[in-house]
Amino acid sequence: MAVFTSVTLEDLAPWMSQFPLGKALAIRGIASGIENSNFFIDTEKGEYVLTIFENLDFDQLPFYLKLMRHLADRGVLVPAPIANLDGELCVALHGKPAAIVSKLAGSSQMAPLPVHCAEVGTMLARMHLAAQDFTIRQPNLRGLAWWQSTVPKVLEFLTDAKRSLMQDEIAFQTAFAQTATYQALQSGPVHADLFRNNVMFDGERLTGFFDFYFAGCDTWLFDVAVTINDWCIDVESGELDMARVTAMLNAYHAVRPFTAAEGDAWQAMLRAAAFRFWLSRVYDFYKPRDAEMLTPHDPGHFERILRLRISQPTLALPMALLSAPQ
Ligand SMILES: Nc1ncnc2c1ncn2[C@@H]1O[C@H](COP(=O)(O)OP(=O)(O)O)[C@@H](O)[C@H]1O
Ligand SMILES: N[C@@H](CCOP(=O)(O)O)C(=O)O
């Protein structure tokens with residue numbers, strides 16, 4: 001159950017009059033999801049998704065909602081936020097920030113094939129390019145600064161082996177962020193959480209990316225690495241599946257060619273992407289917020305992936321891809 005704030009059709013009817021969607025006809029709570037209260041709503045203009053934000057406040061939401069609007073306006077497949085008659089994308093409902101976005105068709109593909117990975121790679125590259133001229137700047141709030149402030153809070157809960165791994169990796173990533181290679185990486189708004197459960201497919205056709213509430217400005221390669229580490233692995237072992245990796249990287253590269261600096265940074269970035277989710281899962285496990293106690297994620301999964309990405313030094317971007325200048 002992930003409806004923390006309940007909304008009835010009677011609540012909705014007067015509130016909906018500020019949106020150009022006609023009357024609300026039905027509302028159904030969405031059971032999955034762990035952060036927000038989500039509902040499918042039927043209106044006279046079609047089906048939409050209503051989200052009541054349980055953890056984000058009014059000041060934080062414009063970055064996410066305006067980014068989604070910006071991307072949707074440029075043909076990137078994402079839910080399009082609907083403005084009310086005053087042009088606002090975010091309006092209070094039951095005292096909490098709420099937004100209506102278009103409903104994506106299809107469902108998540110949890111057992112992706114190379115064809116699905118190629119679709120994701122293409123759309124991810126299109127998204128990075130389309131977001132380049134988005135003017136609001138917000139850092140990735142789960143980036144290096146968060147890692148550096150969070151590691152000391154969780155070390156006391158870890159075994160010696162895990163504590164060493166965490167201390168070694170934060171030292172490695174801190175040093176890596178100072179290198180010329182890292183500084184040469186292209187950056188901009190990224191999704192930063194593009195897991196299989198945040199993408200919709202209708203058969204083999206991608207219908208959209210959603211759940212942008214970890215988005216922020218970071219390197220594009222970090223976004224690619226986060227995506228590869230979820231879409232292109234054997235979920236039991238965490239080992240990369242090269243057919244899916246190649247499909248995703250080639251598709252991405254065909255739209256936005258990788259640079260030489262990105263080739264040099266690739267393995268460190270796969271480590272960074274694994275570390276980010278190991279750390280957040282450890283943090284949520286030992287210091288849970290109320291909402292997250294419902295569906296704890298397994299920290300061991302990303303610890304395993306991190307150890308693999310460190311110990312297998314052959315994970316380069318295929319050299320054939322490295323045709324673009326830095
Ligand atoms: N725009 C959308 N179109 C279609 N389904 C959506 C959309 N947004 C959310 N959903 C559905 O709601 C579920 C929960 O959304 P999600 O963003 O993952 O919630 P949370 O932020 O609470 O984790 C998704 O798994 C998906 O089924
Ligand atoms: N993808 C993250 C947690 C965020 O959950 P989401 O359902 O909002 O994508 C993880 O797996 O740790």
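Helices (H or I, at least four residues) and strands (E, at least two) are DSSP runs, numbered from the N terminus. This is a predicted model, in which local features need pLDDT of at least 70, side-chain atom pairs count only at pLDDT 80 or more, and totals for chains, interfaces and linings use all residues. Residues are numbered from 1 along each chain as its sequence is written, and side-chain values use heavy atoms, without hydrogens and water.

**Nonpolar cores**

- The largest nonpolar core (buried Ala, Val, Leu, Ile, Met, Phe, Trp, Tyr and Cys residues joined through side-chain atoms within 4.5 Å; buried means under 20% relative accessible area with a 1.4 Å probe, protein chains only) has 82 residues.
- Met166, Phe209 and Ile228 have the most contacts inside this core, and helix 9 gives the most to it, with 14 residues.
- Because domain 1 (9-102) and domain 2 (114-322) both give residues to this core, it lies between them; the domain bounds come from an automatic or database domain assignment.
- Met166 is in contact (heavy atoms within 4.5 Å) with residues including Val151, Leu158, Phe275 and Trp278, leaving aside neighbours within four places in sequence.

**Thr219**

- Thr219 is found in strand 9 and is buried, with a relative accessible area of 3%.
- Not counting residues up to four places away in sequence, Thr219 touches Tyr182, Leu185, Gln186, Ser187, Val190 and Met269.
- The C-alpha atoms of Thr219 and Asn140 are 9.5 Å apart, while the two residues are 79 residues apart in sequence.

Conventions
Chains lettered and ligands numbered in written order. Buried < 20%, exposed > 50% of the residue type's maximum accessible area, 1.4 Å probe, protein only.
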